[in-house]
Amino acid sequence: MTKLRVGLLFGGRSGEHEVSINSARAIAQALSAEQNASKYEILPFYIQKNGCWLAGELAQKILATGIPQLEPQNLNPWKIPDQVTEVEVWFPILHGPNGEDGTIQGLLTLMQVPFVGSGVLGSALGMDKIAMKMVFQQAGLPQVKYKALTRAQVWSNPCVFPKLCDEIEAALDYPCFVKPANLGSSVGITKVRSRSELETALDNAATYDRRIIVEAGVLAREVECAVLGNDQTQASIVGEITFNSDFYDYETKYTAGQADLLIPAPIPDTVSRQIQDMALQAFAAVDAAGLARVDFFYLEATGEILINEINTLPGFTATSMYPQLWANSGVSFPELVDRLIQLALEKSSSQKSSSEPN
């Protein structure tokens, strides 16, 4: 049987470059597992932090060692390797900006080759926290109070800045969270408890993104649910993240021993079912495809469930929450990777059929 050539696309220009490499290594191992080895051939493509693409032996070396390539091998970042013409289905695992925000999805769409995950719209909505919340609001999904801002408002006339802080304090209580709208892995997020901390946090967030969001803080348990599918979707069992740090920041996420995953989450079955239903609603609301992890706040004291965000290209190492949720739902890592590739082919076939003239 002829093997399907899978273009494994990893690295990227975001702050989650190293996370992407780790995810790609896990996926490559799953594609090489006994049940998949006869079906798939891996063609690795590595995007350096400067945007240059590497393929062949150079990309394979990064995949094998897990060590980023820092020295540019290609002085023209727009030069895409010729090997892309050999790819029959893409598996992009580029986390963060320029990877899960619709940009690479647009390029892959133009290539007219199937790819794993959401398209341009679902990826863009899933990445931009402000647009995401507007869509969730339209879908009737409950969420925390928030205020959307722009860098121009923060860095405008110094006389205007105090008024902006007054407006935020009038809308939200302390503590609250200041976040860049378009970054992942909690990069640039600050928990603030006072006016002085708010001012510093807004200035910091503005260095990361021109769009900023300030969210109300809530005393809640953080639970997550994985979704798999295209038009016919499935929700995994629900998991919970526990940690001792002040909030689930970058260091807590990626430092061993800083956080624990409880799967299944020790919550009532009725709450789990409601979270699963809301996860499927969120997936449909942003027009996601293939995979997503949906994060929630569970306010145990009141029984409320608030949606936090959807991640259309979640971390994919063997210990990441998304594959762990499916492993505990009866879908092994190699089987999950196989199903995602088949969903990519299904999505591409469906799109081609709908675009054909009657």
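## Contacts of K39

Apart from its neighbours within four places in sequence, K39 touches M1, K3, L4 and D338 in this predicted model. K39 sits in the loop that runs between α2 (34-37) and β2 (40-47). Its relative accessibility is 26%, so K39 counts as partly exposed.

The C-alpha atom of K39 lies 10.0 Å from that of V6, although 33 residues separate K39 and V6 along the chain.

## The chain overall

The chain holds 13 helices and 13 strands. Its radius of gyration is 21 Å, close to the 21 Å that the globule rule gives for 358 residues, so the chain is as compact as a globular protein of that length. Along the principal axes, the C-alpha trace spans about 65 × 50 × 50 Å.

Of the 358 residues, 51% count as buried. The exposed surface of the chain comes to about 16400 Å², and carbon and sulfur atoms supply 51% of that area. Among contacts in the chain with a separation of 6 or more, 69% are between residues 24 or more positions apart.

## Helix α4 and the residue after it

Helix α4 covers residues 103-111, and I104, Q105, G106 and L108 in this helix are buried. What do the buried residues of α4 pack against? Their partners are the strands β1 (4-11), β3 (53-55) and β4 (89-92), together with helix α5. An α-helix has 3.6 residues a turn, so residues three or four places apart point the same way. I104 and L108 are both among the buried residues of α4.

Q112 comes just after α4 and takes a positive phi of about 60°. Q112 belongs to the loop between α4 and α5. Is Q112 buried or exposed? With a relative accessibility of 66%, Q112 counts as exposed.

## Helices α5 and α6

Two packed helices are described by the angle between their axes and the distance between the axes. For helix α5 (residues 120-127) and helix α6 (residues 129-138), the axes come within 5 Å and cross at roughly 105°. Angles of 65 to 115 degrees count as roughly perpendicular, and α5 and α6 are therefore roughly perpendicular to each other.

Which residues form the contact between α5 and α6? From α5 come L125, G126 and M127, and these meet K129, A131, M132 and V135 in α6. By class, the contact of α5 with α6 has five nonpolar residues, one polar and one charged.

## Backbone exceptions

Most residues other than glycine have a negative phi, and most peptide bonds are trans. Q112 departs from the first pattern, with a positive phi near 60° in a residue other than glycine. D287 is not a glycine either, yet has a positive phi of about 60°. D287 is placed in the loop between α11 and β12 (290-299). With a relative accessible area of 47%, D287 is partly exposed.

Where do cis peptide bonds occur? One runs from Y174 to P175, with omega near -5°. P175 lies in the loop between α8 (161-171) and β6 (176-180). Another cis bond runs from I263 to P264, with omega near 0°. P264 lies in the loop between β11 (259-262) and α11 (269-285).

Conventions: Residues numbered from 1 in each chain as written. Predicted model: local features only at pLDDT ≥ 70, side-chain atom pairs only at ≥ 80, totals over all residues. Heavy atoms only, no water. Axes fitted to C-alpha atoms, helices over the stretch in contact; angles between N-to-C directions. Helix = DSSP H or I, 4+ residues; strand = E, 2+ residues; numbered from the N terminus. Parallel < 35°, antiparallel > 145°, perpendicular 65-115°, else oblique. Contact = heavy atoms within 4.5 Å. Nonpolar A, V, L, I, M, F, W, Y, C, P; charged D, E, K, R; others polar. Rg over C-alpha atoms; globule rule 2.2 N^0.38 Å. Buried < 20%, exposed > 50% of the residue type's maximum accessible area, 1.4 Å probe, protein only. Areas by Shrake-Rupley, 256 points an atom, 1.4 Å probe, with all protein chains shown as cover.
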